[in-house]
Amino acid sequence: MAKTESVQDTCVLVTGGCGFIGSHTVVVLLERGYEVVIVDDLSNSSEKVLDRIDQIVGDDAAQRLTFVRADVADKDALDAVFDEFQIDAVIHFAGYKAVGESVEKPIEYYSNNIGNTLALVDVMRNHGCKSIVFSSSATVYGDPDALPLTEESPKKPATNPYGWTKWMIEEILASLVVADPEWNVVLLRYFNPIGAHASGLMGEDPKGIPNNLLPYVAQVAVGRRDAVHVFGDDYNTPDGTGVRDYIHVMDLAEGHAAALAWMANKTGCEVFNLGTGTGTSVLEIIKAFSAACGRELPYVIEPRRAGDVTANYADCTKAREVLGWEAQYGIAEMCRDSWNWQSNNPNGYEG
Ligand code: UFG
């Protein structure tokens with residue numbers, strides 16, 4: 001990040017800022033006093049989220065937000081953004097994220113996720129902005145040999161093109177630092193982000209049938225779908241269903257703010273896990289969501305889903321010790337906020 005007096009002088013470009021994690025992070029940044037420019041092509045998000053951000057942060061803070069509708073791969077559009085704004089740092093969320101779809105459309109996934117990152121860092125370099133926070137994923141750990149996962153745990157071969165894009169972009173960004181020590185790269189490996197803003201104004205709004213567990217469960221709760229499909233009950237876990245480290249999206253958003261504050265005036269490449277350190281099974285999630293929405297949610301046991309790992313959860317010691325960040329919310333609060341969002345917006349932003 002460029003040398004600045006305070007966050008009030010700091011302008012952050014947030015790619016994919018209208019998406020699920022991006023929008024929640026933008027709220028936190030505006031509340032901290034940052035100036036924020038969102039670049040999003042709305043290919044998998046809604047412009048309506050911008051009104052919701054305004055409602056949450058208030059008009060004064062919202063004045064520090066600019067939205068540019070553009071594809072991050074469009075270098076001319078990015079150039080114009082960097083010409084107009086003195087961007088100090090970038091948080092790069094924009095990318096395709098559906099694991100199953102990536103198997104069907106590898107060219108689109110590699111080209112979009114890797115192509116837009118290369119376009120972005122090229123434009124950044126040309127404008128002398130060399131600070132970037134990247135949305136990586138626990139997927140880079142593959143099927144782990146040992147739990148919990150620390151940042152030292154080995155990266156394993158990905159099982160799908162989406163996972164490979166996260167894997168490769170980490171390598172690409174690390175290479176920038178080797179080539180030019182002025183770069184300042186933070187790789188945040190998210191575990192499973194769920195939940196929603198406590199206001200019920202913002203949340204996850206996947207297009208089509210949700211691939212991920214939580215939005216699917218939430219849509220069953222609201223009556224859009226009949227029953228949760230549990231992918232396998234014969235895993236080597238306490239109840240046989242898959243175990244993941246679910247993290248509240250607001251905790252994740254705070255993690256980005258912590259990373260941004262920490263990296264100011266530094267250089268190098270650092271990796272942080274962002275999770276809670278606690279594993280939760282699919283059946284435990286269904287139970288917790290049932291409690292949150294006040295009715296037993298129906299589910300059916302299905303065969304395992306290809307490519308799923310048995311269990312993963314994070315060791316978040318490094319983020320706590322270095323960034324001073326720690327997740328605050330548990331599963332009950334994640335389900336409460338997710339239900340609050342879904343019940344107030346049964347059809348998402350377009351409802
Ligand atoms: N699951 C179901 N039914 C569903 C959806 C999921 O039983 O309808 C199960 C899965 O089998 C798994 C758990 O719920 O055990 C969580 O599945 P998600 O699809 O919600 O999340 P994943 O852990 O598979 O994927 C997440 C992110 C990916 C990332 C991956 C690995 O969504 O971006 O973690 O870190 F690549």
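## The parallel sheet

In this predicted model, seven strands make up an open sheet whose order is 3-2-1-4-5-6-11, with parallel pairing. The edges are taken by strand 3 (65-69) and strand 11, each of which has a single partner strand, so that one side of each is left without a neighbour in the sheet. On average, and with direction ignored, neighbouring strands of this sheet are turned by 20° against each other.

## Strand 1 and its surroundings

Strand 1 (residues 11-15) runs parallel to strand 4 (residues 89-92) and is joined to that strand by four bridges, with Leu13 standing opposite Val90 in strand 4. Strand 1 also pairs in the parallel sense with strand 2 (residues 35-40), over five bridges, and here Thr15 stands opposite Val39. Together with helix 1 (residues 20-32), strand 1 and strand 2 make a right-handed β-α-β unit.

In a regular strand the side chains alternate between the two faces of the sheet. In strand 1, Cys11, Leu13 and Thr15 lie on one side and Val12 and Val14 on the other, and all of these are buried, which leaves both faces of the strand covered. Five of the five residues of strand 1 are buried, so the strand is largely enclosed by the rest of the structure. Helix 6 (residues 106-126) lies across strand 1, strand 4 and strand 5 (131-137), and runs at about 175° to strand 4.

## Aromatic pairs

The count of aromatic pairs comes to six. One of them is formed by Trp262 and Phe272, an edge-to-face pair at 5.4 Å centre to centre with 85° between the planes. Because Trp262 lies in helix 9 (residues 249-263) and Phe272 in strand 11 (residues 268-274), this pair ties together parts that are ten residues apart in sequence. Both Trp262 and Phe272 are buried.

A further pair is that of Phe289 and Trp339, whose ring centres are 6.3 Å apart and whose planes stand at 85°, so this pair is edge-to-face as well. Since Phe289 belongs to helix 10 (residues 282-293) and Trp339 to helix 12 (residues 331-344), the contact ties together parts that are 50 residues apart in sequence. Phe289 has 0% relative accessibility and therefore counts as buried.

## Arginines over tyrosine rings

Two arginine-tyrosine arrangements can be added to this description. Arg304 lies over the face of Tyr235, at 4.0 Å from the ring centre, while the charged end of Arg225 sits over the ring of Tyr216, 5.9 Å from the centre of that ring.

Methods. Residues are numbered from 1 along each chain as its sequence is written. This is a predicted model: local features need pLDDT of at least 70, side-chain atom pairs count only at pLDDT 80 or more; totals for chains, interfaces and linings use all residues. Side-chain values use heavy atoms; hydrogens and water are left out. Rings of Phe, Tyr and Trp (its six-membered ring) pair if their centres lie within 6.5 Å; planes under 30 degrees apart count as stacked, over 60 as edge-to-face and the rest as tilted. Helices (H or I, at least four residues) and strands (E, at least two) are DSSP runs, numbered from the N terminus. Buried means under 20% relative accessible area, exposed over 50%, partly exposed in between (1.4 Å probe, protein chains only). A charge sits over a ring if NZ of Lys or CZ of Arg is within 6 Å of the ring centre and within 35 degrees of the ring normal. Two strands pair if DSSP finds at least two bridges between them. Axes are lines fitted to C-alpha atoms, for helices over the stretch in contact, and angles run from 0 to 180 degrees between N-to-C directions. Contact means heavy atoms within 4.5 Å. A crossover is right-handed if, with the strands pointing away from the viewer, the path from the first strand over the helix to the second runs clockwise.
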